[in-house]
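Subject: Structure handover

Hello,

Here is the structure for you to load. My notes on what was found in it follow below.

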Amino acid sequence: DINLNLNIRGLSQSATLAINQASRDLAAQGRRVYRLGLGQSPFPVPEVVTEALRQHAPEKDYLPVEGLKALRQAVADYHNRHDGVDRDASSILIGPGSKELMFIVQLTYYGDLVIPTPSWVSYAPQAHIIGRQIRWVPTRAENDWRLMPEELDRVCRNDPSRPRIIILNYPSNPTGDTYTLDELKELAEVARKYRVVLLSDEIYGELHHEGEHVSIARFYPEGTIISAGLSKWCGAGGWRLGTFSFPRSLRWLQDAMAVVASETFTSTSAPIQYAAIKAFEGGPEIEKYLDDSRWVLRHLGRHLWQRLSDMGLQVTRPAGGFYLFPDFSPFRQALAAKGIEDSETLCQRLLDESGVALLPGAAFGRPVEELTTRLAYVDFDGDRALASLAEGQPGE
Ligand code: PLP
């Protein structure tokens, strides 16, 4: 349509949602489909949180645009406890999903938007919708697709005083990898040197497979916005609740985002906000739920990684979340003989011929001629998996 906004022209629905629809269509025809495309938590919402939602179902009023005070306090306490920062309730912004907050921050911040690739499917389309340019920073397979501090330095060096916001996401969607402590410290140093705003997307932080998740905010508290929410670790993607935690120096940005929020979504669903307090406060039930979720993901991730590696695919050992990023390039010749020379054709053919739904690396900002793919290992019964662990975890 000629009246379509130019920024929207050429965009189609999020790649993840599209593959999910294609999988559903095939399943409706009676085909067995392995749904490894959509990145949705396989686990149920913890019972204490669901119970809080039931209790608060009658809450019906609009809430303050930044969010419910008690929830903002619980989120601030959560980050102070987990991430070694010093934030208070007033530094928290609640939104209907962190995706919405990501969009608003892109709309509000004036300066370069720097995104390492591969990266989550929605950052770039959000930028296109607003008409923003992205400064892509390709990462390298030999670094397991992590952004190296010298690569960040190189981006900033040419024009050191230019305002920049960079999105870092770890554990990563799509790679399942995360940064080492030393890398986080070094990235934080570079960010401080150039006064970069770090938007740290830690939506999978609680789903680290081993040890603990460390936020870069620990090393660069004054310039890091931490993005989190209920969607992944609490299994509540459809509830739509995301959180941003701001340093004091970025209060102006938070306030501007609240203005946009007040003119768009108004406030986040009231019952969900009350229920979210329980999730962020934590407690023994939540801890057990998280331990069990991590146990399942660790074992499944490791098993798949091992099997795919044994088959000859290039794939990074997962450290968190529920994704792998298998690269089929060792099979380039054999695939080319079948007419498969890019990641989109590869995923289409895999789905058509074997019922395996993966997403193409191209949807994550990688060149389409690469044969990278994203696999979400969530096609299992999360209720049953947790129930079978209720009696205690089996040995390693
Ligand atoms: N960031 C990453 C890396 C994600 O994978 C997702 C969801 O898929 C989101 C953000 C958005 O999460 P939500 O809007 O549900 O908080």
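How many bridges join strand β11 to β12, and do the two run parallel or antiparallel? Two bridges join them, and the strands run antiparallel. Strand β11 covers residues 359–360. Its P360 stands opposite T373 in β12. Please keep in mind that this is a predicted model.

**Strand β12**

Strand β12 spans residues 373–376. It has a second partner to look at. Strand β9 (residues 323–324) is joined to β12 by two bridges. Strands β9 and β12 run antiparallel. Here Y323 has A376 of β12 as its bridge partner.

Are the residues of β12 buried or exposed? T373 and L375 sit on one side, and they are buried. R374 and A376 sit on the other side, and they are buried too. Both faces of the strand are therefore covered. Note that R374 is on the side of A376, while A376 is the residue that bridges to Y323.

**The seven-stranded sheet**

Next comes an open sheet of seven strands. Its order is β2-β8-β7-β6-β5-β3-β4, and the pairing is mixed. The edges are β2 (92–95) and β4 (134–138). Each edge strand pairs on one side only. From one strand to the next, the twist averages 20 degrees.

Inside this order, β6 and β5 are neighbours. Strand β5 takes in residues 164–169, and strand β6 takes in residues 197–201. Five bridges join them, and they run parallel. In this pair, L168 stands opposite S200 of β6.

**Helices α6 and α7**

Helix α6 is residues 149–157, and helix α7 is residues 181–193. They pack at an angle of about 10 degrees. Their axes are 9 Å apart. Angles under 35 degrees count as roughly parallel, so α6 is roughly parallel to α7.

Which residues make the contact? From α6 they are P149, L152, D153 and C156. From α7 they are E183, E186, L187 and V190. By class, the contact has five nonpolar and three charged residues, with no polar ones.

**The ligand**

Last, the ligand. It is surrounded by 13 residues. The closest are G97, S98, K99, G229 and S231. Nine residues of this shell are polar, two are nonpolar and two are charged.

Those are the notes. Over to you.

Best wishes

Technical notes: Residues numbered from 1 in each chain as written. Predicted model: local features only at pLDDT ≥ 70, side-chain atom pairs only at ≥ 80, totals over all residues. Axes fitted to C-alpha atoms, helices over the stretch in contact; angles between N-to-C directions. Helix = DSSP H or I, 4+ residues; strand = E, 2+ residues; numbered from the N terminus. Parallel < 35°, antiparallel > 145°, perpendicular 65-115°, else oblique. Contact = placed C-beta atoms within 7 Å. Nonpolar A, V, L, I, M, F, W, Y, C, P; charged D, E, K, R; others polar. Near = placed C-beta within 6 Å. Buried ≥ 20, exposed ≤ 12 C-beta atoms within 10 Å, placed from the backbone. Pairing = 2+ DSSP bridges.
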